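Biologist: Could you pick one part of this model and go over it closely? I'd like to know what sits around it, too.

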Amino acid sequence: MALLQIAEPGMSAEPHKHRLAVGIDLGTTNSLVATVRNGIAVCLADETGRSMLPSVVRYRADGSIDVGHKAVAAQATDAKNTIVSVKRFMGRGLKDVAHVETMPYDFEDSTGMVRLRTVQGVKSPVEISAEILRTLRRRAEASLAGELVGAVITVPAYFDDAQRQATKDAATLAGLPVLRLLNEPTAAAVAYGLDNAAEGVYAVYDLGGGTFDLSILKLSRGVFEVLSTNGDAALGGDDFDHRLFCWILDKADIAPPSMEDARRLQMKAREAKELLSSCEEAPVHVALRSGEEVNLVVTRDEFADMTRHLVQKTLGPVRKALRDAGLAPDEVKGVVMVGGATRMPHIQRAVAEYFGQEPLTNLDPDKVVALGAAMQANVLAGNRKDEDDWLLLDVIPLSLGLETMGGLTEKVIPRNSTLPIARAQEFTTFKDGQTAMAFHVVQGERELVSDCRSLARFELRGIPPMVAGAARIRVSFQVDADGLLSVSAREMSSGVEASVLVKPSYGLTDDEIAGMLKSGVEHAGDDMLARALREQQVEAERVIEATEHAIEQDGALLSADERAAIEKSITNLRALCAGQDHRAIKSGIDALSRATDDFAARRMDSSIRNALAGHKVDEFET
Amino acid sequence: MSIDLTQDYFTLFGLPRQFALDESALEAAWHELQSQVHPDRYAHLPDVDKRLSMQWATRVNEGFRTLKKPLERAQYLLELAGVDTALETNTVMSPEFLMEQMEWREAVEEAREAGEVEELEQLHHRLQLHAREVRGGLARQLDEAHDYAAAADTVRRLMFIDKLQHEIDEALLALEE
């Protein structure tokens, strides 16, 4: 007989292991990693004490890769191999990217996502982002002295499906299990809301290096409900730099600069912009490689003038988000400012004017997203405590639909639907004897398919021949809590079923990812088999722990036979874990999952019954 | 095995099966249910729990949306009562109603072509008042008279109004771009 464990009062009966999890803000300009330590979210610093990692990756001729400050230093001298703001290319084709003509890269416009030719070969934005994530993962593992169970990675709320999938793929490449993709403004709202015990309707105005988001949230008794979100996935601080860069070129009377000189001037433009947030004017002194010199001064007013249209551009999404939420500007209780670009005084002024109140700038706009992500990661990893009884209800930013006759969009899931969500739509055949049907999945608000983003195309084959209009093809959309879509199609009337799963055409194929993973692992000198074995052992341990915990809590829901069967599966899995065969462990995990299938369903049912039973009397009777 | 499909949304949310709705009770129940089934609560558990959680959370969100929107709530009540609203095929509406609809539609079209934002907003507002009136009638038909045939007819009217409102929204959005 097992010995009974006695816990100290107030402690979990199960000797609770703190699982290491991090929140990562994968930014256009800078990236951060944060974790919850002793109940407090903190950003993790590198060995020199800096927490912000510039999102810059340099591929060197000798095969090594620099990430962060070291790469920044080479921006001007090795521009072609030093990639900045890679986030702008995630899930995008070359034609979608603004200002390519002033970028010093050697682009390869393959179908789907754009790629860059470097001294180390052709790199996809996913691989480049993975280098940033890998650097942060190593920093976290060194700092926390252990292996991470996973990470919450933030994405702009207005990122579409292709951009989200690309971000998730980058994490997979970096060896980071993704606990959740979290929208940046939502992460900020969590950090702000929990710190300030905020209640009511808040707007989050998030202007990052390359993206703009505006989310409206309702905070009530620990629930963070996103009412609506809007934005511009290609508008950010970079555009203010670019505007100033163009102004400098215009004023300085110099020959068209080389790629390297252009990079120098862009860096100078950014410095001047940052200086103008605290000073009335900023000098622009640059000695160019060409021998020319730039000697200018830009004032705060001049800068505000030349970028006024960009500030105005952010107000469109603000209006739309408010309208979708059914609210007027004065119904918003507070406006949380996020992203380094919101330090610009003329942005704060425009926001104050629009909402009729001073925006909330009492938190660090660079760190708040990473801190919120860390809080969410801590809860998702299973470290939830009683005081962490909060919940996020987020939405999908852009409508999802299918192309119908005449190049029109039929919306299947409307924007601002709370996640997760599933919807199905029925279609029928157009011709007699038609045995196949082509589907085109799109995302966006516009009526014409050509104005929306194409996500995927697929065909359903094997429809039994029938007269036109007799077949019933049901197309199902499911969007999960990460905001990622899967689509399946099925012919219903004949009983013949066929279904297909979709991967975005702007993403990488599974084969490509497998190939990159393999070469990445070889590069790092890891042993694939050892890694696979360790991963399965960790997974098995996790599943066993969760199952035992479930039996301890809800064992009453099991018959003696069922309980014995589950315990037998656990014993088997334990035995397999001692071996060296990762596939056998995997099948042991699957066997245990099958054995607990019914039990899990019963537990879910009972928790739902309890959810309402406990509250009916005091809360629902009004 | 997994999802109890016999349980209707009203039962799931602990609300009376009727058209009149206590919105704050619906919302409180939605939050309570999601705090039990949301995928964020199951992220650290085995795949079987994650799958169940996603199915349940999806169903709870679908139920919330269905009960929250008056038109969908009415359609759902009729469906539960076994009334076939035959929404796609049965479009026999009274000539007066159709005339009225045509007039609304023409007004919207004219305002849209002339780019009159204020006129569109006016129309939207008037339509909203009209919809409220129609919904009042629907509540009496469903909750008091239990006259489902009449209610089905009103539901069809509301669908026209809903579609028109949506078109005004789209027109306003397009004018803003």
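Modeller: Sure, let's start with one sheet and work outwards from there.

A caveat before we look: the model is predicted, so local features need pLDDT of at least 70 and side-chain atom pairs count only at pLDDT 80 or more, while totals for chains, interfaces and linings use all residues. Residues count from 1 along each chain as written, with chains lettered from A and ligands numbered from 1 in written order.

The sheet is in chain A: five strands in the order E18-E13-E14-E15-E19, open, with mixed pairing. Strands are DSSP E runs of at least two residues and helices are H or I runs of at least four, numbered from the N terminus; two strands pair if DSSP finds at least two bridges between them. E18 (334–338) and E19 of chain A are the edge strands, each with a single partner, so each has one side without a neighbour in the sheet. On average, neighbouring strands are turned by 25° against each other, direction ignored (axes are lines fitted to C-alpha atoms, for helices over the stretch in contact, and angles between N-to-C directions run from 0 to 180 degrees).

Now zoom in on one pair. E13(A) and E14(A), residues 212–220, run antiparallel and share eight bridges. Leu207(A) sits opposite Phe212(A) of E14(A). Helix H4 (residues 184–196) of chain A packs on this sheet, touching E13, E14, E15 (223–232), E18 and E19 of chain A. The direction of H4(A) makes about 125° with that of E13(A).

H4(A) isn't the end of the story for E13(A). Strand E13 (200–207) is one of the elements that the buried residues of helix H5 of chain A pack against, along with strands E16 (281–287) and E17 (293–299) and helices H6 (259–276), H7 (300–306) and H8 (308–325). Contact here puts two C-beta atoms, placed from the backbone, within 7 Å. H5(A) itself covers residues 237–252, 16 in number, and spans 22 Å from first C-alpha to last, close to the 22 Å expected at 1.5 Å a residue (times one less than the residue number). Which residues of H5(A) are buried? They are Gly237(A), Asp238(A), Asp239(A), Phe240(A), Asp241(A), Leu244(A), Phe245(A), Trp247(A) and Ile248(A); buried takes 20 or more other C-beta atoms within 10 Å, exposed 12 or fewer, partly exposed anything in between. Just past the helix, Asp253(A) takes a positive phi of about 55°.

You'll find that sort of phi elsewhere in chain A as well. Ala145(A), not a glycine, has a positive phi of about 55°, in the loop between helix H2 (125–144) and strand E11 (150–155) of chain A. Ala145(A) is exposed, with 7 other C-beta atoms within 10 Å. His99(A), no glycine either, comes in at about 60° and belongs to the loop between E7 (82–84) and E8 (106–108) of chain A; its 13 C-beta neighbours inside 10 Å make it partly exposed.

Finally, go back to the edge strand E19. On the side of chain A that touches chain B, E19 (391–393) is among the elements giving two or more residues. In total, 35 residues of chain A are in contact with 32 of chain B. The biggest giver on the chain A side is H14(A), with twelve residues. Another contributor there is strand E22 (421–427) of chain A. The loop between E21 (408–413) and E22 of chain A holds Pro420(A), and the peptide bond from Leu419(A) to Pro420(A) is cis, with omega near -5°.
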